[in-house]
Each structure stands twice: as C-alpha cells, then as structure tokens.
Amino acid sequence: MNNNETALIDAATNRESLHNISSTTSAWDEVAAIISGLIGGGRYGLKIRIPHAFVMTFLFGNKLPFRRKLQVIAKLAAEHSINLASFACLYKFLLASLKVLSRLIPQNDGSGGAPVHSGILRRLIKSVVSMVINGPFSSSLKRTINPSVSTPAGIPQHPYHAFLAGAVGGYIVWGRYSSVNYQLILYLASRILVGCIKLAREKGIRPFSWKKLKFANSYPYGAAVIWGTVMMLFEE
C-alpha cells in the first residue's frame, strides 16, 4: 500500500508516534496510546468524511433543502469519526490487555503434588487459555519473543494479537450495518485482496510470481474482467 492508502490504519493506530517510545513501557504509556488513538481516529474520520459527504450530498441530493443537506453531511461525518475513534480506542485497549494477559499465563504446569487428573485438567485449561490469548501457535511464538524486551505501547506483541483485537473491534464497532460502515468494509476487502496478491508475489508463490503477471502487464486484464463483471451484474 502507498501512503494515501494506509493513512486510515495509520490514523487509527497512531503508528508514527510509536517509533519515539522507548523499549520499556508502563501502564501510562499504554493509556497514552489509547487516548492518542481515540483522538487521532476521530480527527481523521472527520478529515476524510466531510469532503466526501459534501460532494456526494450536493451532487446526488438535489431535491433536499440546503439545511437538510448540511444535516446529512454532519450525520455522516459524525458517524465515521465516532466509529473510527471508538475502534482505535478499543483496539489499543485490547492490545494492552492481551500483553498483560499473555504475561500472566503461568510458565510452569502448576500441578505440583496434585493428583494426576487434576494436573491434566490444569494443563488443559492452561493450554486453552494460552491458545485464546496467544493463538494456536503460542508455543512457537514464546521461543521467538524475547521477554526481556518490552513491546512499545500501542503495538501488538505478535500478529495474532492484532488479528484478535481487530476482529473484536470490527464486530463491536463496524458490525452494525450502515452506509458508512458498509462502504469502509468494501474498501478494506478490496485492499486485503490486493495485499494478499502482492504478498504472494513477494513470497514467490505461483502463478502470482510469474514475470508475465507483473502489475503493468496484468492491470489491463484485471480492469477488463472487473468492469465486464460489474456491467453484467448491473444489466441483470
């Protein structure tokens, strides 16, 4: 993605300010990251929604009175801003919570001199909790993460935390259908598809890594297929 395409995620997570945080973070650093995400998400939501809502409302809302047009613009801008701020705040809070929970998971079996069935039960509960918090590959992740190095505030400890926090935030904040939410989901779905294709090409996965399927060569065919499909669905 280029700078314009990643601006939405950067604003929601306040990525630029995270590079200035030291390797040792405290609870106040996490709180500051949550507040920063809240403010940045709300500000960016207004920044990108007001011009879009203004153009679309005055272009397609000819029959609406002027005062009603302003109300529609304000409603759309407020919804986008509140949703983005809420998501950024919730996302940062969940990341901080997952960091704490992952550190609280006991490293030993904790069975001690308990009966065999009790030790097995505790081990099973620990495995389930660890899988939920750290993902299904938590055992391999513990070997790759250096516990002496603290993850900067607002940054996931590992990718699974980002997925889990984003999924929960997406369900709570963006799960309610509206024109604003639906438009953003469609945009992100297309970016995910493009990002997966680029990642496959970088990883050397065929056929995406073929030289004949470079962007300059494949773009015209992609445009042809997309527009042909769109117009066929439109005429139906």
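Here are some exercises, each with a worked solution, on the predicted model shown above.

**Exercise 1. Getting an overview**

Find out which kinds of secondary structure make up the protein chain, and how much of the chain is buried.

*Solution.* Start by counting elements: the protein chain has nine helices and zero strands. Reading from the N terminus, you therefore meet α-α-α-α-α-α-α-α-α. Next, turn to burial: 29% of the 236 residues count as buried. Then look at the outside, where the accessible surface of the protein chain is about 16,100 Å². Carbon and sulfur atoms account for 68% of that surface. Finally, consider contacts between residues at least 6 apart in sequence: 75% of them join residues at least 24 apart.

**Exercise 2. Walking along helix α3**

Describe the span of α3, locate its bend, and list its buried residues.

*Solution.* First, find the helix: α3 covers residues 27-60. Its 34 residues reach 48 Å from the first C-alpha to the last, close to the 50 Å expected at 1.5 Å a residue. Now follow the helix to Arg 49, where α3 bends by about 30°. A proline, Pro 51, follows within four residues of that point. Arg 49 is also one of the buried residues of α3. The others on that list are Glu 30, Ala 33, Ile 34, Gly 37, Gly 40, Gly 41, Gly 42, Tyr 44, Gly 45, Ala 53 and Thr 57.

**Exercise 3. A nonpolar patch**

Which residues make the nonpolar surface patch, and is Ile 39 buried or partly exposed?

*Solution.* Begin with the members: Trp 28, Val 31, Ile 35, Leu 38 and Ile 39 make a patch of about 520 Å². Pick Ile 39, which is found in helix α3. Its relative accessibility is 47%. Buried would require under 20% and exposed over 50%, so Ile 39 counts as partly exposed.

**Exercise 4. Two salt bridges**

Locate the salt bridges in the structure and say which elements they tie together.

*Solution.* A useful idea comes first: side chains of opposite charge can pair when their charged atoms come close. Searching the whole structure gives two salt bridges.

- Step one: Glu 30 pairs with Lys 99, with the closest N and O atoms 3.1 Å apart. Glu 30 belongs to helix α3 and Lys 99 to helix α4 (residues 66-104), so the pair ties together parts that are 69 residues apart in sequence. Both Glu 30 and Lys 99 are buried.
- Step two: Arg 176 and Glu 79 meet in a salt bridge at 3.3 Å, N to O. Arg 176 sits in the loop between α7 (159-173) and α8 (179-202), while Glu 79 is in helix α4, so this pair ties together parts that are 97 residues apart in sequence.
- Step three: compare the partners. Arg 176 is partly exposed at 48% relative accessibility, whereas Glu 79 is buried at 11%.

**Exercise 5. The surroundings of Asn 181**

Which residues does Asn 181 touch, leaving out those up to four places away in sequence?

*Solution.* Locate Asn 181 in helix α8. With 1% relative accessibility, Asn 181 counts as buried. Its contacts are Glu 79, Asn 83, Val 173, Trp 174 and Arg 176. Two of these names should be familiar: Arg 176 and Glu 79 form a salt bridge.

**Exercise 6. An unusual peptide bond**

Is the peptide bond from Arg 206 to Pro 207 cis or trans?

*Solution.* Most peptide bonds are trans. Check omega for the bond from Arg 206 to Pro 207: the value is near 0°, and the bond is cis. Pro 207 lies in the loop between α8 and α9 (215-235).

Definitions and conventions: Residues are numbered from 1 along each chain as its sequence is written. This is a predicted model: local features need pLDDT of at least 70, side-chain atom pairs count only at pLDDT 80 or more; totals for chains, interfaces and linings use all residues. Side-chain values use heavy atoms; hydrogens and water are left out. Buried means under 20% relative accessible area, exposed over 50%, partly exposed in between (1.4 Å probe, protein chains only). Contact means heavy atoms within 4.5 Å. Accessible areas come from the Shrake-Rupley method with a 1.4 Å probe; for residues, only the protein chains shown count as cover. Patches are made of residues with over 30% relative accessible area and no salt bridge: like charges are joined within 9 Å, nonpolar side chains (Val, Leu, Ile, Met, Phe, Trp, Tyr) within 5 Å. A salt bridge is a side-chain nitrogen of Lys or Arg within 4 Å of a carboxyl oxygen of Asp or Glu. The expected span of a helix is 1.5 Å times one less than its number of residues. The bend at a residue is the angle between axes fitted to the seven residues ending there and the seven starting there.
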